[in-house]
Amino acid sequence: MKELAGRLTALDPDAGAAVRVIAYFDRLAETRAGVEALVRGAAVLAGVPARLVDADRRVRVRVEADGTRRDSDLAPDPGWPSATLTPDGVPALWLERADAAPSVVDAVILERAAGAARLVLNRTRGRAPLDDPALVETLLDATAAEPARLHAARRLGLDPLATARAVAAPGGRPRVVPAAGPAAEASGVRTGVGPAVPVLDLPRSWAAARTALRFTAEGTGQDPGPRVVHADELGGIALLADLVVPGAEPPPDVRAVETAAADAPWLLTTLYAVTVTASLRAAAAEANVHHSTLQDRLTHAEHLLGWPVRTPEGRLRLHLALTMRRLARP
């Protein structure tokens, strides 16, 4: 191969370089090199940074032209030369060359590196879909043996040494997401997000995510509140989840809120605005009413509830009542 590359170089420098690229990646494949080594080879041969992003298997590797790995969360430039991992797939391997048209050698580097990376990923990460319910269930099951959870993590494309979060939604399948990635989709669905933990500790994150889900609301006039709640932001408020049983007889203050809400359709959104803002003027803006209108509404609300909501103590009581109202949801 070296002799052939030399002869071709004398006739056509690009052809000779292409043959050397092919031989290089063939050697890497024969030694069962990993994904990072393949991306490093592409970067060094091309003389520009190279990156591989397999979103389905949560693989991100970026290597500088000098061989130093330096990952980036910035999106690849669509103008960079790229290659797919599958015939009909989306670009997954890029050479960060924006100042010139891709050369024949660039095309060969991308084609050989992408092909070798595809084989490595299929061998080491498998083809299991990331939302495979059986694997996710095993990964989140505290009673499952550690080897079984480790196997599930690898099949889902999760690095056992990385950190991740469990995500819960009402009636939906549990999800696992990387700790650095977005946990909640912009779909308006109530979502509880567990803390970032080592992959093998995900059952704990799942338990916390389900607790956080109970603190969420639909964000409507009849169910005001946050649609997304992170368990690690609840602090001591999370203890309320152990005191309020879903579907059981709600606490007296919750019953008082329900009775008052039946009398005044605006009451719940108004009271929620009072609990999440720093002043009554801010609450009026949150509720989209004039300050004087808010004062009138609060006077009426206090009459219906039976306690003041404009004092620090009354506001805390109100906040707890609205929170327990969500927790009491069947």
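The following conversation goes through a predicted model, asking of each description what supports it.

Trainee: What makes the protein count as more spread out than a compact globule?

Mentor: The protein has 13 helices and 9 strands. Its radius of gyration is 28 Å, while the globule rule gives 20 Å for 330 residues, and because the value is well over that figure, the protein is described as more spread out than a compact globule. The box filled by its C-alpha atoms, taken along the principal axes, is roughly 95 × 50 × 30 Å.

Trainee: Which pair of residues gives a sense of distance across the model, starting from R297?

Mentor: R297 belongs to helix α12, and its C-alpha atom is separated by 63 Å from that of T68, with the two positions 229 residues apart along the chain. Apart from residues up to four places away in sequence, R297 touches W266, T270 and V289.

Trainee: What can be said of the protein as a whole in terms of burial, contacts, surface and charge?

Mentor: Of the 330 residues, 42% count as buried, and among contacts with a separation of 6 or more, 56% are accounted for by residues 24 or more positions apart. The accessible surface comes to about 17200 Å², and carbon and sulfur atoms hold 56% of that area. As for charge, the mean positions of the 39 positive and 39 negative charges are 2 Å apart.

Trainee: How do you know that the length of helix α3 agrees with what its residues should span?

Mentor: Helix α3 runs over residues 35-46, and at 1.5 Å a residue its 12 residues should span 16 Å; the C-alpha atoms at its ends are 17 Å apart, so the two values agree.

Trainee: Which residues of α3 are buried, and what is found just after the helix?

Mentor: The buried residues in α3 are V35, L38, V39, G41, A42, A43 and A46. Just after the helix comes G47, which takes a positive phi of about 80°. In the loop between α2 (13-30) and α3 lies R32, which has a positive phi of about 55° although R32 is not a glycine.

Trainee: Why is R32 called exposed?

Mentor: The cut-off for exposed is over 50% relative accessible area, and R32 has 57% relative accessibility, so R32 counts as exposed.

Trainee: Where is N288 found, and why is N288 called exposed?

Mentor: N288 is in the loop between α11 and α12, and, although not a glycine, N288 has a positive phi of about 60°. Its relative accessible area is 70%, and because exposed requires over 50%, the label follows for N288.

Trainee: What makes G79 exposed?

Mentor: G79 sits in the loop between β2 (59-63) and β3 (82-84), and its relative accessible area is 58%, which is over the 50% cut-off, so G79 is exposed. The C-alpha atoms of G79 and L95 are separated by 9.9 Å, the two residues being 16 residues apart along the chain.

Trainee: Why is D106 counted as buried?

Mentor: Buried means under 20% relative accessible area, and D106 has 3% relative accessibility, so D106 counts as buried. D106 lies in helix α4 (residues 104-124), and, leaving aside neighbours within four places in sequence, D106 is in contact with A46, L95 and R97. A46 is one of the buried residues of α3.

Trainee: How do you know that helix α10 is largely enclosed by the rest of the structure?

Mentor: The helix covers residues 267-276, and 8 of its 10 residues are buried, so α10 is described as largely enclosed by the rest of the structure. The buried residues are L267, L268, T270, L271, Y272, A273, V274 and T275, and they pack against α9 (252-263), α11 (280-287), α12 (291-305) and α13 (312-327).

Trainee: Is V254, in helix α9, buried or exposed, and what is the reason?

Mentor: V254 has a relative accessible area of 2%, which falls under the 20% cut-off, so V254 is buried. Leaving aside neighbours within four places in sequence, V254 is in contact with A321, M324 and R325. Its C-alpha atom and that of A212, 42 residues apart along the chain, are separated by 19 Å.

Conventions. Residues are numbered from 1 along each chain as its sequence is written. This is a predicted model: local features need pLDDT of at least 70, side-chain atom pairs count only at pLDDT 80 or more; totals for chains, interfaces and linings use all residues. Side-chain values use heavy atoms; hydrogens and water are left out. Helices (H or I, at least four residues) and strands (E, at least two) are DSSP runs, numbered from the N terminus. The expected span of a helix is 1.5 Å times one less than its number of residues. Buried means under 20% relative accessible area, exposed over 50%, partly exposed in between (1.4 Å probe, protein chains only). The radius of gyration is taken over C-alpha atoms; the globule rule is 2.2 Å times the number of residues to the power 0.38. Contact means heavy atoms within 4.5 Å. Accessible areas come from the Shrake-Rupley method with a 1.4 Å probe; for residues, only the protein chains shown count as cover. Lys and Arg count as positive and Asp and Glu as negative; His and the chain ends are not counted. The place of a charge is taken as NZ of Lys, CZ of Arg, CG of Asp or CD of Glu.
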